Amino acid sequence: MELSGKVALVTGGGTGIGRAAAVRLAKAGAKVAVLARTESDLETTVKQIEAAGSDGLVVVADVSKADQMKRAVEQTIERFGRLDIVVANAGINGVWAPIEEIEPDEWDQTVAVNLRGTYLAVHFAAPELKKHGGAIVVTASVNGTRIFSNAGATAYATTKAGQVAFAKMLAVELAKFKVRVNVVCPGAITTEIEESVEKRDVDEIAVPVEYPEGKIPLTGGKPGKAEQVADLIHFLVSDASSHITGTEVWIDGAESLVQG
């Protein structure tokens, strides 16, 4: 699954799944621009990209800001001459709470990062991708696609469901330009995103869910690794998946099949 000569832009590339994906694509030969708000995290990712034998670019930007995302795509093309792959991975858990307790600005923040951020990345990259074909992978979640039992995660789950619909619409729209659009839906993965969740009074609205022994059947309850999601992303942007578009793929060790 060689990616030599390809250029990728990975949002949320400073940590977790984004970092793992960036490094995985670099190992396959792609040049990778990594985007996030924290420069020091991005510098660490670029060092790993370079250690993998490829070229990396630090792009500091907020995915919810149109002017910053426009410039981010321009920077990538200016540096590498083209853009072939977009991994719209940046996201937050946001606030999980009863619906009457989620403040409008908290709702808007989750939507701005997760859904608007995905739109902006693709919106500004699409003209370049349409020139020669390419691949887009959106990082959604089991939440909002198979799992609806995480109490208070309404804003988060809604954005994740929206990302799947977004990808399916664009899979059809961009097909004639040979641009494929797919979605990965991770379950429990060891990343830093859990640090960004704020939960308030969720016990009051939780509905008990009984699991078989081990809530992740494939691993006996152990979460997956960011590198495993990165391998799936690599497959979806490579020629090995050349006839796959508009598809969501759950990567959760069967977690969503017993928890949903």
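**Close-up views of a predicted model**

**View 1. Helix H6 has the span expected of it.** H6 covers residues 226-237, and its 12 residues at 1.5 Å each should span 16 Å. Expected span here is 1.5 Å times one less than the number of residues. The end C-alpha atoms are 17 Å apart, which agrees. Helices (H or I, at least four residues) and strands (E, at least two) are DSSP runs, numbered from the N terminus. Buried residues of H6 include Leu232, Ile233 and His234. Buried means under 20% relative accessible area, exposed over 50%, partly exposed in between (1.4 Å probe, protein chains only).

This is a predicted model: local features need pLDDT of at least 70, side-chain atom pairs count only at pLDDT 80 or more, and totals for chains, interfaces and linings use all residues. Residues are numbered from 1 along each chain as its sequence is written, and side-chain values use heavy atoms, leaving out hydrogens and water.

**View 2. Helix H3 has a buried side.** In H3 (residues 66-80), Met69, Ala72, Val73, Thr76 and Phe80 are buried. They lie on the same side of H3, because they cover an arc of only 90 degrees around the axis. The arc is that of the directions from the helix axis to the C-beta atoms. Exposed Asp67 and Glu78 sit on the face turned away from the buried side. Just after H3, glycine 81 takes a positive phi of about 85 degrees.

**View 3. Glycine 152 is buried in a loop.** The loop runs between E6 and helix H5 (154-173). Glycine 152 has a relative accessible area of 7%. Glycine 152 and alanine 97 are 55 residues apart in sequence, yet 4.2 Å apart in space, C-alpha to C-alpha.
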